[in-house]
Amino acid sequence: MPKMKSHGGTKKRFKKTGTGKVMRCQAFRDHLASNKKASVKRQHRAKKQIVTADVKAVRRQAPYL
């Protein structure tokens, strides 16, 4: 059985934690950042867990994540 290919964009955008949760970066962080509050930019720094409905799709796109 040949290896499955991982989707390149998915590999760049998502990381898996040691416990198996899939994490993502927050959008709307860098573009036009001078207009945004410091608290908003600070909150966007943290990684977020993806919605449980999307976990199956991400794991299918990047099986070796």
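**Exercise 1.** Which residue of β3 does Met-23 stand opposite? Locate the pair in this predicted model, and then place the two strands within their sheet.

*Solution.* Begin with the strand that spans residues 22-24, which is β2, and note that β2 and β3 pair in the antiparallel sense over two bridges. Across this pairing, Met-23 stands opposite Gln-49 in β3. Next, widen the view to the whole sheet, which is open and has three strands in the order β1-β2-β3, with antiparallel pairing. The edge strands are β1, covering 14-16, and β3, covering 48-49, each of which pairs on one side only.

**Exercise 2.** Determine whether Thr-10 is buried or exposed, and identify its contacts beyond four places in sequence.

*Solution.* First, place Thr-10 in helix α1, which comprises residues 8-13. Then consider its relative accessible area of 3%; because buried means under 20%, Thr-10 is classed as buried. Finally, with residues up to four places away in sequence not counted, Thr-10 touches Val-58, Gln-61 and Ala-62.

**Exercise 3.** Carry out the corresponding analysis for His-44, stating its helix, its burial and its contacts outside the local sequence.

*Solution.* The helix that holds His-44 is α2, which runs over residues 38-45. The relative accessible area of His-44 is 15%, and since the cut-off for buried is under 20%, His-44 counts as buried. Once the neighbours within four places in sequence are left aside, the contacts of His-44 are with Gln-26, Ala-27, Phe-28 and Arg-29.

How values were computed:
Residues are numbered from 1 along each chain as its sequence is written. This is a predicted model: local features need pLDDT of at least 70, side-chain atom pairs count only at pLDDT 80 or more; totals for chains, interfaces and linings use all residues. Side-chain values use heavy atoms; hydrogens and water are left out. Helices (H or I, at least four residues) and strands (E, at least two) are DSSP runs, numbered from the N terminus. Buried means under 20% relative accessible area, exposed over 50%, partly exposed in between (1.4 Å probe, protein chains only). Contact means heavy atoms within 4.5 Å. Two strands pair if DSSP finds at least two bridges between them.
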